[in-house]
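Visitor: I am new to this structure and would love a close look at a single part of it. Could you take me through the charged pairs, and then show me what else is worth a stop along the way?

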Amino acid sequence: MITIAVANQKGGVGKTTSAVNLATAFAAIGWRTLLVDLDPQGNASTGLGIEREDRVKSSYDLLVDGIPIDDCIVRTQIPDLDLLPATVDLSGAEIELVEMHDRTGRLRAGLAEAHHDICFVDCPPSLGLLTLNALTAADRLLVPLQCEFYALEGLSQLLITVEQVQQRFNPELAIVGIALTMYDRRNRLTDQVSDDVRNVLGKLVFEAVVPRNVRLSEAPSHGLPAIVYDHNCTGSRAYMDLARELIGRLPEKRKAA
Ligand SMILES: Nc1ncnc2c1ncn2[C@@H]1O[C@H](COP(=O)(O)OP(=O)(O)O)[C@@H](O)[C@H]1O
Ligand SMILES: [Mg+2]
């Protein structure tokens, strides 16, 4: 299984929207896909229509109590897409983990038992122990970056964290790409930001850009990924392009899956 952490310590940049729709795009082409909700807010779980009463076991149980992954995941309405849901308990995990053995390696240990081709981890908006668990478990990091004035601020902190994780816990971790989100072509500032980001980060930035699109923000209230809710809207098409580009950037042996 290849594991991709979707992380950025800023909130509201499109992590969850990206994780849900990329996971759906991979499932749609037949990859056995796992989405891990690692945000106590549980937006990825809600966005896939998994109600709180259906979250019998969760990412908290896997991380803190070491419950096997097969006992924690639920099937979604999307064929080939399983979810490790999040509950509010997870907000306590950040503190409970501090005292625990192998506190950054617990997600990796849990995911080692999974039987999927690909796994996306939707991270919370912080660089705490939950995100460190995601980065330690991940082969690749995907960073959604909102096209706004402060986009690049905070990125340096994230890159420092990546280096620390590489040195201490996970030498294999690499950044697979930066995805520009909420792009608004009518707004000249977004254009400017996207040019700046490409100048600074070059090929690390995906060609595919996710536009600001109301269908993307409506879909979660229907408990569906946008790609299923309206597969033809500009946002869904952008995520399918992004998924295609992502496949091209995955390590060679995995592409055969
Ligand atoms: N491209 C987009 N166009 C319009 N709304 C978006 C887009 N991407 C995300 N949103 C909305 O913006 C809010 C924040 O996005 P979300 O994916 O939850 O970010 P994060 O997980 O980084 O906090 C959500 O309400 C989401 O529906
Ligand atoms: Mg989120």
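**A close look at the salt bridges**

Guide: Let us start with Arg215, which forms a salt bridge with Glu218; their closest N and O atoms are 2.9 Å apart. Please keep in mind that this is a predicted model. Both partners, Arg215 and Glu218, belong to helix H10, which covers residues 214-218, and they sit three residues apart, about one turn of the helix. How open to the outside is Arg215: buried, partly exposed or exposed? Arg215 has 28% relative accessibility, so it counts as partly exposed. Glu218 has 27%, so it is partly exposed as well. The pair also has company, for Arg215, Glu218 and Asp230 are linked in a network of salt bridges.

How many salt bridges are there by this rule? The count comes to seven, and helix H12 gives us another one to visit. There, Arg244 forms a salt bridge with Asp241, with the closest N and O atoms 3.0 Å apart. Arg244 and Asp241 both lie in helix H12, residues 234-249, and again the spacing is three residues, about one turn of the helix. Arg244 has a relative accessible area of 55%, and because exposed means over 50%, Arg244 is exposed. Its partner Asp241 is partly exposed, at 37% relative accessibility.

Stay in helix H12 a moment longer. Glu245 forms a salt bridge with Arg249, and here the closest N and O atoms are 3.8 Å apart. Glu245 and Arg249 are both in helix H12, four residues apart, which is about one turn of the helix. Arg249 is partly exposed, with a relative accessible area of 26%.

Now let us move from charged pairs to the ligand. Of the 14 residues around ligand 1, those that come nearest are Gly12, Thr16, Thr17, Pro211 and Asn213. An oxygen atom of ligand 1 is 2.7 Å from a polar backbone atom of Gly12, while an oxygen atom of ligand 1 is 2.6 Å from an N or O atom in the side chain of Thr17. At Pro211, a polar backbone atom is 2.8 Å from a nitrogen atom of ligand 1. Taken alone, ligand 1 exposes 560 Å², and the protein buries 79% of that.

Next come the aromatic rings. A search of the whole structure finds two aromatic pairs. In one of these, the rings of Phe26 and Trp31 have their centres 5.0 Å apart and their planes at 85°, so the pair is edge-to-face. Phe26 is buried, with a relative accessible area of 0%, and Trp31, at 5%, counts as buried too. Together with Phe120, Phe26 and Trp31 form one aromatic cluster.

For a contrast, look at Phe149, which is exposed, with a relative accessible area of 59%. Phe149 is found in the loop between strand E6 (140-146) and helix H8 (155-168). With Tyr150 and Leu189, Phe149 makes a nonpolar surface patch of about 340 Å².

The last stop is Thr190, in helix H9, residues 188-201. Thr190 is buried, with a relative accessible area of 3%. What does the side chain of Thr190 reach? The side chain of Thr190 reaches the backbone oxygen of Asn187, at 2.6 Å.

Key: Residues are numbered from 1 along each chain as its sequence is written. Chains are lettered from A and ligands numbered from 1 in the order in which they are written. This is a predicted model: local features need pLDDT of at least 70, side-chain atom pairs count only at pLDDT 80 or more; totals for chains, interfaces and linings use all residues. Side-chain values use heavy atoms; hydrogens and water are left out. Patches are made of residues with over 30% relative accessible area and no salt bridge: like charges are joined within 9 Å, nonpolar side chains (Val, Leu, Ile, Met, Phe, Trp, Tyr) within 5 Å. Accessible areas come from the Shrake-Rupley method with a 1.4 Å probe; for residues, only the protein chains shown count as cover. A salt bridge is a side-chain nitrogen of Lys or Arg within 4 Å of a carboxyl oxygen of Asp or Glu. Helices (H or I, at least four residues) and strands (E, at least two) are DSSP runs, numbered from the N terminus. Buried means under 20% relative accessible area, exposed over 50%, partly exposed in between (1.4 Å probe, protein chains only). A residue is near a molecule or strand if one of its heavy atoms lies within 4 Å of it. A polar contact is a pair of N or O atoms within 3.5 Å; within protein, one must be able to donate a hydrogen and the other to accept it, and residues adjacent in sequence count only if both atoms are side-chain atoms. Rings of Phe, Tyr and Trp (its six-membered ring) pair if their centres lie within 6.5 Å; planes under 30 degrees apart count as stacked, over 60 as edge-to-face and the rest as tilted.
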